[in-house]
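This briefing covers how the strands of a sheet are arranged and how helices pack. The sequence and the structure come first.

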Amino acid sequence: DGHGRLIVVGRTSDRKKGILFLLKALQMLKGDGVRVKLTVVDTVELNETYAPDLIKKFGIEDMVTFTGRVSNDELVGHYSSSDIAITASVYEGFGLPAAEAMSCSIPVITTSAGALPEVVGSDGESGMLVPPEDPRALADAIKRLLGDAELRKRLAVGGRRRIEDRFTWEACARRCIDVYESLIKAHKQ
């Protein structure tokens, strides 16, 4: 349908996840004539109106879909049918959705908040990093990435490789063994 397909995964009612800034970015993209659709993987409870109210306020109802609760298989399906995964957090501990998207070979745009740079790596290699709380920077990154298939491919490949190198159980186990071995060596001396 010619729309760029974006995905965000997480609790939109949690202000730290930065959904406000992503929705504002969507409003800017609409103003710029950039056609995007955002899939929000979140179980929005009936009494939670934070994100839905913002969507109405920004006039972007036609651009956003909520999935409700999904299984792991469905989640992988949603990732796989997306062009870009976004984590717009103002603060983030580890950033599991970014890592999940990277392992599905989906290019990611995240903020540079909290531990996200450690997950995503250097900007332009295995993902794109933008400052938190900056909808314009987010909108520009989305626009740039949607317009550059080469870059999307490079980030998808780089992101997947980074997860394999760093965050698979095997990689974690190897690192643990290295640490144990060096501790044992140090202890013997």
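How many bridges join strand E1 to strand E2, and do the two run parallel or antiparallel? In this predicted model, strand E1 (residues 4-9) and strand E2 (residues 36-41) are joined by 6 bridges and run parallel. One pair of bridge partners is Val 8 and Val 40, the latter in E2.

**The sheet**

- The sheet is open and has 6 strands, with parallel pairing, in the order E3-E2-E1-E4-E5-E6.
- Its edges are formed by strand E3 (64-66) and strand E6 (128-130), each of which pairs on one side only.
- From one strand to the next, the twist averages 25 degrees.

**Helix H6 on the sheet**

- Helix H6 (residues 135-146) packs on the sheet, where it touches E1, E2, strand E4 (84-87), strand E5 (108-111) and E6.
- The direction of H6 makes about 160 degrees with that of E6.

**Helix H1 against helix H6**

- The axes of helix H1 (residues 19-31) and H6 cross at roughly 60 degrees and come within 8 Å.
- H1 is therefore oblique to H6.
- The crossing of these two helices, H1 and H6, is right-handed.
- On the H1 side, the contact consists of Phe 21, Leu 22, Lys 24, Ala 25, Met 28 and Leu 29.
- These residues meet Pro 135, Arg 136, Leu 138, Ala 139, Ile 142 and Lys 143 in H6.
- Sorted by class, the contact of H1 with H6 has 9 nonpolar residues, 3 charged residues and no polar ones.

Terms used: Residues are numbered from 1 along each chain as its sequence is written. This is a predicted model: local features need pLDDT of at least 70, side-chain atom pairs count only at pLDDT 80 or more; totals for chains, interfaces and linings use all residues. Side-chain values use heavy atoms; hydrogens and water are left out. Two strands pair if DSSP finds at least two bridges between them. Helices (H or I, at least four residues) and strands (E, at least two) are DSSP runs, numbered from the N terminus. Axes are lines fitted to C-alpha atoms, for helices over the stretch in contact, and angles run from 0 to 180 degrees between N-to-C directions. Contact means heavy atoms within 4.5 Å. Angles under 35 degrees count as roughly parallel, over 145 as roughly antiparallel, 65 to 115 as roughly perpendicular and the rest as oblique. A crossing is left-handed if the near helix is turned anticlockwise from the far one by less than a right angle, and right-handed if clockwise. Ala, Val, Leu, Ile, Met, Phe, Trp, Tyr, Cys and Pro count as nonpolar, Asp, Glu, Lys and Arg as charged, and the others, Gly among them, as polar.
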